[in-house]
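Visitor: I've never read one of these before. Please walk me through it, one bit at a time.

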Amino acid sequence: MGTHDVIVVGLGGMGSAAAYHLAARGQRVLGLERFGPVHNRGSSHGGSRIIRQSYFEDPAYVPLLLRSYELWEKLERDAGRDIVSLTGGVFVGRSDSLTVAGSLRAARQWDLPHEILDPGEIRRRFPTLNPRPDEIALFEAKAGFARPEATVAAHLQLAARHGADLRYDEPVLRWEALPGGGVRVVTGDAFYTADRLVVCPGAWAPELLADLGVPFTVERQVMYWFQPQSGVAAFQPERHPIYIHEDAAGTQIYGFPAIDGPDGGAKVAFFRRGRVCTPDTVDRQVHPEEIQAIRDHLGRVLPPLAGRILRAATCMYTNTPDQHFVIATHPEHPQVTVACGFSGHGFKFVPVVGEILADLATGGSTAHPISLFNPRRDFSASPEALVEVSQ
């Protein structure tokens, strides 16, 4: 068909992993990325992403997480980079909250090591946290964080080492499945043909995968770095876990230790408290009222962090109505594989998604459990139900 076996569209977290796994299997890979190799305009940036196994979203994800952990270790070895740190994770809320009850359900179903902490034990072990009397926590020692920029760089490094042709600053305008088999991809500079196509478009899914019929919603999210009021000593990674807190109203925040030195602060963010946007209309400016809203929230649940803001940055979630992913062979075009709609919780799966995409693109199937991610599933919720629109 052409000089390449597989074209990978999008070289963020998922696309870079797919390019690596495909190239490592001897495929002639062309990777196309609309921006440069430093991936900071989509969703795979921000210095840190939580990894965890006691998965409150759905226990069905746990087998993928166990394999992903294995692949994180392999990625670090093969690339010679520090990418993952296991700090432990504490997930706090009422006993019937999604954060606690869902994490406990997954941990019990898959026999994952964990502890349940009462409010006094939470304060004793993690004195920065301020649980209410009716809140408990699940602690998972194997939780921690991955560095997204380092992850993407490592996968791209290894993909290139295995012969992948990676091209940057070349946005894909459209793609088409050819009647006789194969695909054609059109960019602003040229068009390319190959036997197969893998599309990992991130926030550009509504544009490049409109024919899937999935009602994607792109949501602007803000990440914040605060300087702890008494310095970062209590927030050092060897002392402070990653955390997720859910209050009585269902509002979740998540955060990290101080992983960037004494002047880097500690990162925190709301989970699912964003504004609907598109990649072209996303507001990259962070406004004073947004900073004040999360500072006020921190004052109630993590008082030592409610200090001076150091910086803030935006990223984008691409949501599906049920908040589950889309990973599949295209229903209409068997030579096309898609991965999108990661709904703000997908980065911890990057290594295993790369493996799955390589399976699908080369063999048409995978041994990994991905039936949950079928794009033809019944989407019972509306996109509007997913997003709290900030005022």
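Guide: Sure, one term before we start: two strands pair if DSSP finds at least two bridges between them. Helices (H or I, at least four residues) and strands (E, at least two) are DSSP runs, numbered from the N terminus. What you see is a predicted model, where local features need pLDDT of at least 70, side-chain atom pairs count only at pLDDT 80 or more, and totals for chains, interfaces and linings use all residues. Residues are numbered from 1 along each chain as its sequence is written, and side-chain values use heavy atoms, with hydrogens and water left out.

Visitor: Okay, which strand does β5 join in parallel, over 4 bridges?
Guide: Start with Val-92, which stands opposite His-245. That histidine belongs to a strand spanning residues 242-246, and 4 bridges tie this strand to β5 in parallel. So the partner, since two bridges are already enough to pair, is β14.

Visitor: And which strand pairs with β5 in the antiparallel sense?
Guide: Val-92 helps again, as it also stands opposite Ala-137. The strand there covers residues 135-140 and shares 6 bridges with β5. The antiparallel partner is β7.

Visitor: How many of the 6 residues of β5 are buried?
Guide: Buried means under 20% relative accessible area, exposed over 50%, and partly exposed in between (1.4 Å probe, protein chains only). β5, residues 89-94, is largely enclosed by the rest of the structure, because most of the strand falls in the buried class. Out of 6 residues, the count is 5.

Visitor: Which residue in β2 is the bridge partner of Ile-7?
Guide: β1 (residues 4-9) and β2 run parallel, joined by 4 bridges. In β2 (residues 29-32), Val-29 and Gly-31 point one way while Leu-30 and Leu-32 point the other way, and all are buried. Across from Ile-7 sits Leu-30.

Visitor: Which strands are at the edges of the β3-β8-β4 sheet?
Guide: This is an open sheet of 3 strands with antiparallel pairing. Between β4 and β8 (residues 144-146) there are 2 bridges, and Val-84 has Ala-146 as its bridge partner. The strands that pair on one side only are β3 (49-51) and β4 (84-85).

Visitor: What phi does Gly-181 take in the β10 and β11 hairpin?
Guide: β10 (residues 172-177) and β11 pair in the antiparallel sense over 5 bridges, with Val-172 opposite Thr-187. The hairpin has 5 residues between the strands, including Gly-181. Its phi is positive, near 105 degrees.

Visitor: How many residues link β11 to β12?
Guide: β11 (residues 183-187) is mostly covered, with 4 of its 5 residues buried. β11 and β12 (residues 191-199) pair antiparallel over 4 bridges, and Val-185 has Tyr-192 as its partner. The hairpin that joins these strands uses 3 residues.

Visitor: On to helices: how are α2 and α8 oriented to each other?
Guide: Axes are lines fitted to C-alpha atoms, for helices over the stretch in contact, and angles run from 0 to 180 degrees between N-to-C directions. α2 and α8 (residues 350-363) pack at about 100 degrees, axes 7 Å apart. Under 35 degrees counts as roughly parallel, over 145 as roughly antiparallel, 65 to 115 as roughly perpendicular, and the rest as oblique. So α2 and α8 are roughly perpendicular.

Visitor: How many charged residues are in the contact of α2 with α8?
Guide: Contact means heavy atoms within 4.5 Å, and it brings together Leu-64, Arg-67, Ser-68, Leu-71 and Trp-72 of α2 with Val-350, Pro-351, Val-352, Glu-355 and Ile-356 of α8. Ala, Val, Leu, Ile, Met, Phe, Trp, Tyr, Cys and Pro count as nonpolar, Asp, Glu, Lys and Arg as charged, and the others, Gly among them, as polar. That gives 7 nonpolar and 1 polar, and the charged count is 2.

Visitor: What about α2 and α5, how are they set to each other?
Guide: α2 (residues 62-79) and α5 (residues 148-161) pack at about 60 degrees, with axes 10 Å apart. Therefore the two helices are oblique.

Visitor: And how does α1 lie against α5?
Guide: The axes of α1 (residues 13-24) and α5 come within 8 Å and cross at roughly 25 degrees. That makes α1, relative to α5, roughly parallel.

Visitor: Last one: is Gly-261 buried or exposed, or partly exposed?
Guide: Gly-261 lies in the loop between β15 (252-255) and β16 (266-271). Its relative accessibility is 27%, so Gly-261 counts as partly exposed.
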